Amino acid sequence: MISMRTHTSLLLALFLGMSMLPDWAQAQTNPKSSPAPSPPAVDSDPPSWLFPIDKLDESLPSWLHIGGEYHDRLEGPIGIGYRGTNDFYLLDRLRLKVAIQPKDWLKFYGEVQDARIFFNHHIANANPFEDSWTLWQGYAQVGSSTSGWVDALAGRQVLLFGDERVIGPSNWLNVGRTFDVARVDLHHPRYEVAVFASSVVPGSNTFLHRAIPGNNFYGIYGSFKNIVPRATFDPYVLWRLAPGNSALPETVGRGHLNEVTIGLHLKGTLPAEFDYDTEFDGQTGSLGVYSIGAWAGYASLGKTFRKVAAAPRVFIEGNYASGTKNPAGRDWNTFDQLYPSNHDKYGFTDQVGRRNLVQFRVGVEENVGKKWKFKQAFEGYWLATSNDNFYASSGAISVPAHPGASRHIGNELDLVDEYQLNKGISFGFGYARLFAGQFLRTATQGHDYSYPYAYVEYNFSKSGFHFPITPNKPD
């Protein structure tokens with residue numbers, strides 16, 4: 001295992017000896033995905049001494065670009081497993097990338113990741129906290145994702161669609177998620193359609209992370225503008241096949257999964273500075289001897305007060321994901337959350353998954369000046385049915401079902417602050433607390449779960465990056 005001193009020395013060497021990606025770097029991470037919300041503007045370009053590799057990049061051939069990003073986060077969870085167990089540790093993640101584009105219509109892209117955890121006592125040195133020196137992305141692309149009307153890609157890539165409630169990289173996790181994929185994309189100023197066949201890369205300490213045989217994921221995802229005025233409309237069909245495997249919490253002990261998800265996502269603005277976001281999914285198919293009949297829905301309404309100091313945006317949200325009411329029957333109604341980025345969407349503690357869930361959430365977001373971002377939220381969680389389990393953010397069982405017990409899981413308070421120093425550096429801190437409800441007090445030791453953290457992010461390209469606070473605004 002590389003020591004933290006060695007890792008830091010490597011980072012310093014990169015500061016002094018590597019080139020930087022220009023402003024297209026973020027698009028290279030996932031050129032086919034819907035654009036992420038733009039970070040707030042800054043007063044001026046960052047000073048050149050913070051990014052000394054920029055000059056070297058200018059001297060490289062125009063067809064070669066290299067870059068990367070670095071992320072450090074301190075976490076101190078209290079009440080792990082709703083018991084009196086605490087920990088304090090440092091999460092460290094380095095990504096290095098290279099793009100070779102000899103022709104406008106031909107590109108080769110590679111990215112490696114080194115994710116580590118230090119000073120931990122109870123958290124395991126394993127995924128999703130640690131995965132050392134792995135191939136994060138590596139693909140060949142024919143055609144351009146920014147010009148023309150079609151392009152094709154094959155290799156390992158991050159998949160990100162819509163608001164990431166169904167498919168996303170789960171970037172807040174130290175390791176994250178990527179796929180082995182083949183895809184074709186059709187694009188037009190008014191629409192984009194992606195057709196893909198993929199297999200998620202499992203978490204393990206091997207360089208290539210071979211996919212689980214038979215664990216396949218196919219999809220057609222469309223995104224259309226102006227079909228609904230001032231809105232983006234995303235219809236999609238997803239087909240998942242998976243074997244009964246201990247590494248797949250959705251299938252273990254139940255048999256082979258053959259599941260189709262049909263979804264609709266609509267996101268837009270309304271008069272008087274209102275905005276909305278809604279997504280509905282239905283699932284059918286089979287899980288071993290069970291017949292699948294599950295669904296999930298989400299709706300959000302927000303309003304921005306631009307004439308008030310800090311231009312606060314107040315929002316209210318509701319989530320539902322079905323659960324299985326009769327586990328002894330032949331109907332399987334537990335919603336399969338697939339491959340989402342759950343952070344923030346179901347609270348900042350990352351304790352709750354989109355399965356057998358009812359959630360209500362209210363909050364406010366503010367921008368103070370051009371660099372500070374704040375978010376405060378309060379939410380309540382209930383089981384959709386007490387006959388089904390309480391599921392973690394990963395989709396695995398967090399607490400087994402207690403039929404007849406209260407359905408109230410608990411309430412959560414989230415407080416987050418972020419500061420963007422410039423286009424390449426940001427830092428932030430936050431505190432989230434899940435107050436145990438009657439269900440957790442009955443089924444576990446009933447301790448509250450607290451999650452304080454602080455982080456810093458450095459993007460070698462100066463082009464910005466994913467912020468942990470993701471405003472629920474139109475793309």
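User: Why is R354 called buried?
Analyst: In this predicted model, R354 has a relative accessible area of 2%. Buried means under 20%, so R354 earns the label with its 2%.

User: What makes R354 and D281 a salt bridge?
Analyst: Look at the gap between their closest N and O atoms, which is 3.5 Å. The cut-off asks for a side-chain nitrogen of Lys or Arg within 4 Å of a carboxyl oxygen of Asp or Glu, so the pair R354 and D281 qualifies at 3.5 Å.

User: How do you know that this pair links distant parts of the chain?
Analyst: Check where each partner lives: R354 is in the loop between β14 and β15 (357–368), while D281 is in strand β11. The two are 73 residues apart.

User: Why is D281 called buried?
Analyst: Its relative accessible area is 3%. Set that against the limit of under 20%, and D281 therefore counts as buried.

User: What makes R306 exposed?
Analyst: R306 has a relative accessible area of 53%. Exposed means over 50%, so R306 falls in that class.

User: Which residue does R306 meet in a salt bridge, and what is the N to O distance?
Analyst: The partner is E273, at 3.0 Å from N to O. That distance is within the 4 Å cut-off, so the name fits.

User: Why can we say that R306 and E273 tie together separate parts of the sequence?
Analyst: R306 sits in the loop between β12 (290–304) and β13 (313–321), and E273 in the loop between β10 (257–270) and β11 (274–287). They are 33 residues apart in sequence, so their pairing ties those parts together.

User: And why is E273 called partly exposed?
Analyst: E273 has 37% relative accessibility. Buried needs under 20% and exposed needs over 50%; 37% lies in between, so E273 is partly exposed.

User: What about D331, why does it count as partly exposed?
Analyst: The reasoning uses 47% relative accessibility for D331. That value falls between the 20% and 50% limits, so partly exposed is the right term. D331 is placed in strand β14 (residues 331–332), and its contacts beyond four places in sequence are Y290, S291, T324 and N326.

User: Why is E111 called buried?
Analyst: E111 has 2% relative accessibility, and the limit is under 20%, so E111 is buried. This residue lies in strand β3 (residues 106–118). Among the residues E111 touches, beyond four places in sequence, are R95, L96 and W136.

Definitions and conventions. Residues numbered from 1 in each chain as written. Predicted model: local features only at pLDDT ≥ 70, side-chain atom pairs only at ≥ 80, totals over all residues. Heavy atoms only, no water. Helix = DSSP H or I, 4+ residues; strand = E, 2+ residues; numbered from the N terminus. Buried < 20%, exposed > 50% of the residue type's maximum accessible area, 1.4 Å probe, protein only. Contact = heavy atoms within 4.5 Å.
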